[in-house]
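Please examine the structure shown below before reading the report. The text concerns pockets and the residues that line them.

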Amino acid sequence: MSPPVVLGIESSCDETGAGLVRDGKLLGHVVASSMDEHARFGGVVPEIAARAHVHSFAPVVRQALSEAGLRMADIDAVAVTTGPGLSGALQVGVAGAKGLAYALDVPLYGVHHLAGHVAADTLDHGPLPNPCMVLVVSGGHTSLLLVRDLARDSIVHLGDTLDDAAGECFDKVARVFGLPYPGGPAIDRAARGGDPRAVAFPRPLTGPADAPYAFSFSGLKTAAARWAEKHGDSPLPVGDGAAALQEAVADVLTRKAVAACRDHDVPTLVVVGGVAANSRVRALAEERCRAAGITLRVPRMGLCTDNGAMIAAVGDLLVRAGVEPAPLDVSIDPSAPLEYASLQPPARAAVV
(Lines give C-alpha, C1' and ligand atoms only; values in the text may rest on other atoms or scores of the structure.)
Protein backbone atom coordinates (compact mmCIF):
# COMPACT_ATOMS: atom_id res chain seq x y z
CA MET A 1 0.00 0.00 0.00
CA SER A 2 1.19 3.53 -0.76
CA PRO A 3 1.68 5.92 2.19
CA PRO A 4 -1.48 7.79 3.24
CA VAL A 5 -2.31 11.24 1.87
CA VAL A 6 -3.12 13.74 4.63
CA LEU A 7 -5.13 16.90 3.99
CA GLY A 8 -4.34 19.76 6.36
CA ILE A 9 -6.70 22.67 7.08
CA GLU A 10 -5.60 25.93 8.70
CA SER A 11 -8.04 28.73 9.63
CA SER A 12 -6.83 30.13 12.94
CA CYS A 13 -6.58 33.77 11.85
CA ASP A 14 -6.85 35.51 8.47
CA GLU A 15 -5.43 32.83 6.14
CA THR A 16 -7.46 29.90 4.86
CA GLY A 17 -4.97 27.17 4.02
CA ALA A 18 -5.21 23.67 2.58
CA GLY A 19 -2.20 21.41 2.10
CA LEU A 20 -1.56 17.80 1.13
CA VAL A 21 1.33 15.75 2.50
CA ARG A 22 2.32 12.13 1.95
CA ASP A 23 5.19 10.47 3.81
CA GLY A 24 6.80 13.79 4.69
CA LYS A 25 6.56 15.18 1.15
CA LEU A 26 4.51 18.24 0.25
CA LEU A 27 2.24 17.48 -2.69
CA GLY A 28 0.46 20.81 -2.95
CA HIS A 29 -0.88 23.68 -0.89
CA VAL A 30 -2.95 26.80 -1.41
CA VAL A 31 -3.52 29.81 0.86
CA ALA A 32 -6.27 32.41 0.56
CA SER A 33 -5.68 35.50 2.69
CA SER A 34 -8.22 38.08 3.81
CA MET A 35 -5.43 40.43 4.92
CA ASP A 36 -6.42 43.18 2.49
CA GLU A 37 -9.90 43.29 4.03
CA HIS A 38 -8.40 43.89 7.49
CA ALA A 39 -5.73 46.40 6.46
CA ARG A 40 -8.00 49.45 6.67
CA PHE A 41 -8.77 48.56 10.31
CA GLY A 42 -5.08 48.19 11.23
CA GLY A 43 -5.53 44.60 12.41
CA VAL A 44 -7.57 41.44 12.04
CA VAL A 45 -11.33 41.77 12.56
CA PRO A 46 -12.59 38.36 13.76
CA GLU A 47 -16.01 38.55 12.05
CA ILE A 48 -14.47 39.45 8.70
CA ALA A 49 -11.93 36.65 9.05
CA ALA A 50 -14.62 34.06 9.80
CA ARG A 51 -16.73 35.09 6.80
CA ALA A 52 -13.68 34.96 4.54
CA HIS A 53 -12.95 31.40 5.70
CA VAL A 54 -16.49 30.36 4.80
CA HIS A 55 -16.04 31.66 1.25
CA SER A 56 -12.50 30.31 0.80
CA PHE A 57 -12.67 26.85 2.40
CA ALA A 58 -13.97 24.81 -0.54
CA PRO A 59 -11.96 26.65 -3.23
CA VAL A 60 -8.61 26.22 -1.45
CA VAL A 61 -9.23 22.50 -0.90
CA ARG A 62 -10.13 22.02 -4.57
CA GLN A 63 -7.11 24.04 -5.73
CA ALA A 64 -4.72 22.15 -3.44
CA LEU A 65 -6.01 18.84 -4.80
CA SER A 66 -5.63 20.12 -8.35
CA GLU A 67 -2.07 21.28 -7.68
CA ALA A 68 -1.23 17.85 -6.27
CA GLY A 69 -2.93 16.00 -9.13
CA LEU A 70 -5.22 14.22 -6.69
CA ARG A 71 -8.94 13.62 -6.24
CA MET A 72 -11.01 13.98 -3.10
CA ALA A 73 -11.17 10.18 -2.90
CA ASP A 74 -7.37 10.04 -2.58
CA ILE A 75 -7.45 11.69 0.87
CA ASP A 76 -6.71 9.15 3.64
CA ALA A 77 -6.84 11.45 6.69
CA VAL A 78 -7.75 15.05 7.57
CA ALA A 79 -5.85 17.23 10.03
CA VAL A 80 -7.16 20.59 11.21
CA THR A 81 -6.06 23.40 13.51
CA THR A 82 -8.18 23.28 16.65
CA GLY A 83 -6.35 26.09 18.46
CA PRO A 84 -5.12 28.52 19.44
CA GLY A 85 -6.69 31.22 17.33
CA LEU A 86 -9.82 33.27 16.73
CA SER A 87 -12.90 31.37 17.86
CA GLY A 88 -15.07 32.01 14.82
CA ALA A 89 -12.23 31.38 12.40
CA LEU A 90 -11.34 28.07 14.05
CA GLN A 91 -14.98 26.99 14.02
CA VAL A 92 -15.16 27.35 10.24
CA GLY A 93 -12.06 25.25 9.64
CA VAL A 94 -13.01 22.55 12.14
CA ALA A 95 -16.58 22.32 10.81
CA GLY A 96 -15.31 21.95 7.25
CA ALA A 97 -12.70 19.37 8.25
CA LYS A 98 -15.30 17.36 10.17
CA GLY A 99 -17.57 17.35 7.13
CA LEU A 100 -14.80 16.12 4.85
CA ALA A 101 -13.63 13.43 7.28
CA TYR A 102 -17.20 12.18 7.76
CA ALA A 103 -18.03 12.20 4.04
CA LEU A 104 -14.79 10.43 3.11
CA ASP A 105 -14.93 8.08 6.12
CA VAL A 106 -11.33 8.89 7.08
CA PRO A 107 -9.76 9.75 10.47
CA LEU A 108 -9.66 13.32 11.74
CA TYR A 109 -6.74 14.78 13.72
CA GLY A 110 -6.90 17.93 15.83
CA VAL A 111 -3.59 19.82 15.63
CA HIS A 112 -2.06 22.62 17.68
CA HIS A 113 -1.33 25.63 15.48
CA LEU A 114 2.21 26.18 16.81
CA ALA A 115 3.09 22.52 16.33
CA GLY A 116 2.18 23.13 12.71
CA HIS A 117 4.78 25.89 12.47
CA VAL A 118 7.36 23.52 13.95
CA ALA A 119 6.47 20.76 11.47
CA ALA A 120 6.59 23.16 8.51
CA ASP A 121 10.36 22.88 8.50
CA THR A 122 10.19 19.12 7.84
CA LEU A 123 8.67 19.83 4.42
CA ASP A 124 11.88 21.58 3.36
CA HIS A 125 14.60 19.84 5.38
CA GLY A 126 13.27 16.43 6.34
CA PRO A 127 12.70 14.94 9.81
CA LEU A 128 13.50 17.11 12.81
CA PRO A 129 16.64 16.12 14.73
CA ASN A 130 15.95 14.64 18.15
CA PRO A 131 16.42 16.85 20.07
CA CYS A 132 16.27 20.26 18.43
CA MET A 133 15.75 23.80 19.67
CA VAL A 134 12.81 25.62 18.08
CA LEU A 135 12.31 29.38 18.10
CA VAL A 136 8.68 30.17 17.25
CA VAL A 137 8.19 33.82 16.32
CA SER A 138 4.84 35.06 15.01
CA GLY A 139 2.25 37.77 15.45
CA GLY A 140 0.89 36.29 18.65
CA HIS A 141 3.62 33.96 19.92
CA THR A 142 7.30 34.06 20.76
CA SER A 143 8.62 30.88 22.37
CA LEU A 144 11.79 28.82 22.78
CA LEU A 145 10.94 25.14 22.70
CA LEU A 146 12.92 21.96 23.26
CA VAL A 147 11.46 19.43 20.84
CA ARG A 148 12.19 15.70 20.72
CA ASP A 149 9.70 13.44 18.92
CA LEU A 150 7.07 15.94 17.77
CA ALA A 151 4.39 13.29 17.26
CA ARG A 152 4.84 11.40 20.53
CA ASP A 153 6.68 13.50 23.11
CA SER A 154 5.64 16.50 25.13
CA ILE A 155 7.06 19.86 24.05
CA VAL A 156 9.24 21.59 26.66
CA HIS A 157 8.84 25.37 26.97
CA LEU A 158 12.14 26.95 27.93
CA GLY A 159 10.77 30.46 27.55
CA ASP A 160 7.75 32.36 26.25
CA THR A 161 6.83 35.98 25.77
CA LEU A 162 5.68 37.72 28.92
CA ASP A 163 3.70 40.36 27.04
CA ASP A 164 3.82 41.43 23.38
CA ALA A 165 5.13 38.88 20.88
CA ALA A 166 7.75 39.96 18.33
CA GLY A 167 5.24 40.17 15.50
CA GLU A 168 2.81 42.10 17.66
CA CYS A 169 5.56 44.60 18.42
CA PHE A 170 6.20 45.06 14.70
CA ASP A 171 2.50 45.59 14.00
CA LYS A 172 2.02 48.17 16.75
CA VAL A 173 5.18 50.14 16.01
CA ALA A 174 4.44 50.14 12.29
CA ARG A 175 1.17 51.92 13.02
CA VAL A 176 3.02 54.55 15.07
CA PHE A 177 5.51 55.00 12.22
CA GLY A 178 2.67 55.46 9.71
CA LEU A 179 3.40 52.17 7.95
CA PRO A 180 0.67 49.85 6.63
CA TYR A 181 -0.65 46.64 8.12
CA PRO A 182 0.73 44.01 8.43
CA GLY A 183 3.58 45.66 10.25
CA GLY A 184 6.26 42.98 9.96
CA PRO A 185 6.76 43.13 6.19
CA ALA A 186 6.34 46.92 6.23
CA ILE A 187 9.07 47.33 8.89
CA ASP A 188 11.33 44.98 6.91
CA ARG A 189 10.89 47.02 3.71
CA ALA A 190 11.40 50.37 5.44
CA ALA A 191 14.51 49.10 7.24
CA ARG A 192 16.35 48.58 3.95
CA GLY A 193 16.92 52.31 3.67
CA GLY A 194 17.80 52.90 7.32
CA ASP A 195 20.74 52.70 9.71
CA PRO A 196 20.28 50.06 12.45
CA ARG A 197 22.70 52.01 14.68
CA ALA A 198 20.79 55.28 14.39
CA VAL A 199 18.59 54.66 17.45
CA ALA A 200 19.73 52.94 20.66
CA PHE A 201 16.59 50.92 21.33
CA PRO A 202 16.70 48.67 24.44
CA ARG A 203 17.24 44.90 24.40
CA PRO A 204 14.59 43.62 26.86
CA LEU A 205 15.40 40.79 29.28
CA THR A 206 19.04 40.40 28.26
CA GLY A 207 20.64 41.33 31.58
CA PRO A 208 22.49 38.68 33.63
CA ALA A 209 19.74 38.56 36.27
CA ASP A 210 16.88 38.33 33.76
CA ALA A 211 14.95 35.20 32.84
CA PRO A 212 17.40 33.56 30.41
CA TYR A 213 14.88 32.38 27.80
CA ALA A 214 11.82 34.57 28.38
CA PHE A 215 10.88 37.38 25.99
CA SER A 216 9.32 40.81 26.45
CA PHE A 217 8.72 43.25 23.62
CA SER A 218 6.25 45.63 25.26
CA GLY A 219 9.00 47.94 26.52
CA LEU A 220 10.67 47.99 23.11
CA LYS A 221 7.35 48.92 21.53
CA THR A 222 6.94 51.77 24.01
CA ALA A 223 10.51 52.99 23.45
CA ALA A 224 9.87 53.14 19.69
CA ALA A 225 6.64 55.07 20.25
CA ARG A 226 8.38 57.59 22.55
CA TRP A 227 11.18 58.03 19.98
CA ALA A 228 8.60 58.82 17.30
CA GLU A 229 6.78 61.28 19.58
CA LYS A 230 10.00 63.22 20.23
CA HIS A 231 10.10 64.23 16.56
CA GLY A 232 6.85 66.15 16.96
CA ASP A 233 5.92 67.75 13.65
CA SER A 234 9.35 67.14 12.12
CA PRO A 235 9.68 64.47 9.45
CA LEU A 236 10.17 61.06 11.06
CA PRO A 237 13.23 59.15 9.82
CA VAL A 238 11.17 56.00 9.41
CA GLY A 239 13.96 54.02 7.75
CA ASP A 240 16.30 54.53 10.69
CA GLY A 241 13.58 53.74 13.22
CA ALA A 242 12.53 50.59 11.37
CA ALA A 243 16.11 49.38 10.96
CA ALA A 244 16.93 49.99 14.63
CA LEU A 245 13.73 48.30 15.81
CA GLN A 246 14.29 45.31 13.55
CA GLU A 247 17.89 45.01 14.78
CA ALA A 248 16.76 45.05 18.42
CA VAL A 249 14.17 42.33 17.85
CA ALA A 250 16.54 40.15 15.83
CA ASP A 251 19.30 40.61 18.40
CA VAL A 252 17.15 39.48 21.32
CA LEU A 253 15.61 36.54 19.47
CA THR A 254 18.84 35.11 18.11
CA ARG A 255 20.92 35.82 21.22
CA LYS A 256 18.55 33.84 23.44
CA ALA A 257 18.06 31.04 20.90
CA VAL A 258 21.79 30.45 20.46
CA ALA A 259 22.31 30.60 24.24
CA ALA A 260 19.59 27.97 24.73
CA CYS A 261 21.27 25.67 22.20
CA ARG A 262 24.60 26.03 24.01
CA ASP A 263 23.14 25.62 27.51
CA HIS A 264 21.21 22.46 26.57
CA ASP A 265 23.86 21.03 24.25
CA VAL A 266 21.47 20.99 21.28
CA PRO A 267 23.25 21.29 17.92
CA THR A 268 20.28 22.35 15.77
CA LEU A 269 18.17 25.51 15.87
CA VAL A 270 14.90 25.67 13.91
CA VAL A 271 13.34 29.12 13.43
CA VAL A 272 9.68 29.13 12.38
CA GLY A 273 6.60 31.37 12.30
CA GLY A 274 5.72 34.51 10.41
CA VAL A 275 8.59 36.59 11.83
CA ALA A 276 11.02 33.92 10.59
CA ALA A 277 10.40 35.53 7.19
CA ASN A 278 12.04 38.76 8.42
CA SER A 279 15.27 39.32 6.52
CA ARG A 280 17.31 40.54 9.50
CA VAL A 281 16.13 37.74 11.80
CA ARG A 282 17.17 35.18 9.18
CA ALA A 283 20.52 36.84 8.47
CA LEU A 284 21.52 37.33 12.12
CA ALA A 285 20.42 33.79 13.04
CA GLU A 286 22.59 32.43 10.24
CA GLU A 287 25.56 34.57 11.32
CA ARG A 288 25.37 33.62 14.99
CA CYS A 289 24.67 29.94 14.40
CA ARG A 290 27.64 29.69 12.05
CA ALA A 291 29.89 31.30 14.67
CA ALA A 292 28.60 28.92 17.36
CA GLY A 293 28.80 25.77 15.23
CA ILE A 294 25.02 25.30 15.34
CA THR A 295 23.04 23.98 12.39
CA LEU A 296 20.28 26.44 11.44
CA ARG A 297 17.06 25.38 9.73
CA VAL A 298 14.50 27.93 8.51
CA PRO A 299 11.60 27.00 6.19
CA ARG A 300 11.13 28.78 2.89
CA MET A 301 9.22 32.05 3.09
CA GLY A 302 5.91 30.55 1.92
CA LEU A 303 5.92 28.04 4.78
CA CYS A 304 6.73 30.57 7.53
CA THR A 305 3.32 32.24 7.52
CA ASP A 306 0.11 30.35 8.31
CA ASN A 307 -0.72 27.60 5.82
CA GLY A 308 -2.45 24.25 5.52
CA ALA A 309 0.74 22.42 4.52
CA MET A 310 2.16 22.74 8.03
CA ILE A 311 -1.00 21.25 9.54
CA ALA A 312 -0.90 18.40 7.02
CA ALA A 313 2.75 17.84 8.02
CA VAL A 314 1.72 17.33 11.65
CA GLY A 315 -1.15 15.08 10.60
CA ASP A 316 1.25 13.02 8.50
CA LEU A 317 3.56 12.57 11.50
CA LEU A 318 0.64 11.58 13.74
CA VAL A 319 -0.69 9.04 11.24
CA ARG A 320 2.73 7.44 10.79
CA ALA A 321 3.28 7.38 14.58
CA GLY A 322 -0.01 5.55 15.13
CA VAL A 323 -1.55 8.31 17.25
CA GLU A 324 -5.26 7.83 17.82
CA PRO A 325 -7.48 10.22 15.80
CA ALA A 326 -9.72 12.80 17.38
CA PRO A 327 -13.44 12.13 17.77
CA LEU A 328 -15.71 13.67 15.16
CA ASP A 329 -17.27 15.85 17.86
CA VAL A 330 -13.89 17.46 18.61
CA SER A 331 -14.12 21.06 19.80
CA ILE A 332 -11.93 24.09 19.24
CA ASP A 333 -9.73 25.58 21.96
CA PRO A 334 -8.95 29.24 21.14
CA SER A 335 -6.37 29.49 23.93
CA ALA A 336 -4.92 25.97 23.73
CA PRO A 337 -1.56 25.63 25.51
CA LEU A 338 1.19 23.95 23.53
CA GLU A 339 1.92 20.66 25.25
CA TYR A 340 1.62 18.11 22.45
CA ALA A 341 1.27 18.39 18.69
CA SER A 342 -1.93 16.36 18.77
CA LEU A 343 -5.16 17.26 20.49
CA GLN A 344 -5.14 13.79 22.03
CA PRO A 345 -3.15 13.14 25.24
CA PRO A 346 -0.10 10.89 24.90
CA ALA A 347 -1.73 8.06 26.85
CA ARG A 348 -4.00 7.55 23.84
CA ALA A 349 -1.12 7.23 21.39
CA ALA A 350 -0.08 3.82 20.12
CA VAL A 351 3.25 3.12 18.42
CA VAL A 352 2.99 0.99 15.28
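This report describes two pockets, beginning with the largest. The model is predicted.

**The largest pocket**

The largest pocket holds about 1,200 Å³ of space. Its lining consists of 39 residues, and those closest to the centre are Ser138, Gly139, Gly140, Asp171 and Tyr181. Three elements give two or more residues to this lining: helix H4 (113-120), helix H6 (166-176) and helix H7 (183-191). The largest share, six residues, is supplied by H6. By residue class, the lining of the largest pocket comprises 13 nonpolar, 17 polar and nine charged residues.

**The second largest pocket**

The volume of the second largest pocket is about 390 Å³. Among the 20 residues that line this pocket, Thr122, Pro127, Leu128, Leu317 and Arg320 lie nearest the centre. Helix H5 (122-125) and helix H12 (308-321) each contribute at least two residues to the lining of the second largest pocket. H12 provides the largest share of that lining, with five residues.

**Residue classes in the linings**

The table sets out the linings by class.

| Pocket | Nonpolar | Polar | Charged |
|---|---|---|---|
| Largest pocket | 13 residues | 17 residues | nine residues |
| Second largest pocket | nine residues | four residues | seven residues |

Which helix gives the largest share of the lining of the second largest pocket? That helix is H12, whereas in the largest pocket the corresponding helix is H6.

Note on methods
Residues numbered from 1 in each chain as written. Predicted model: local features only at pLDDT ≥ 70, side-chain atom pairs only at ≥ 80, totals over all residues. Heavy atoms only, no water. 1 Å grid on protein atoms, 1.4 Å probe; cavity = no way out; pocket = protein on both sides within 12 Å on 5 of 7 lines; lining within 4 Å. Points joined across faces, edges and corners; volume = space filled by probe spheres on them. Helix = DSSP H or I, 4+ residues; strand = E, 2+ residues; numbered from the N terminus. Nonpolar A, V, L, I, M, F, W, Y, C, P; charged D, E, K, R; others polar.
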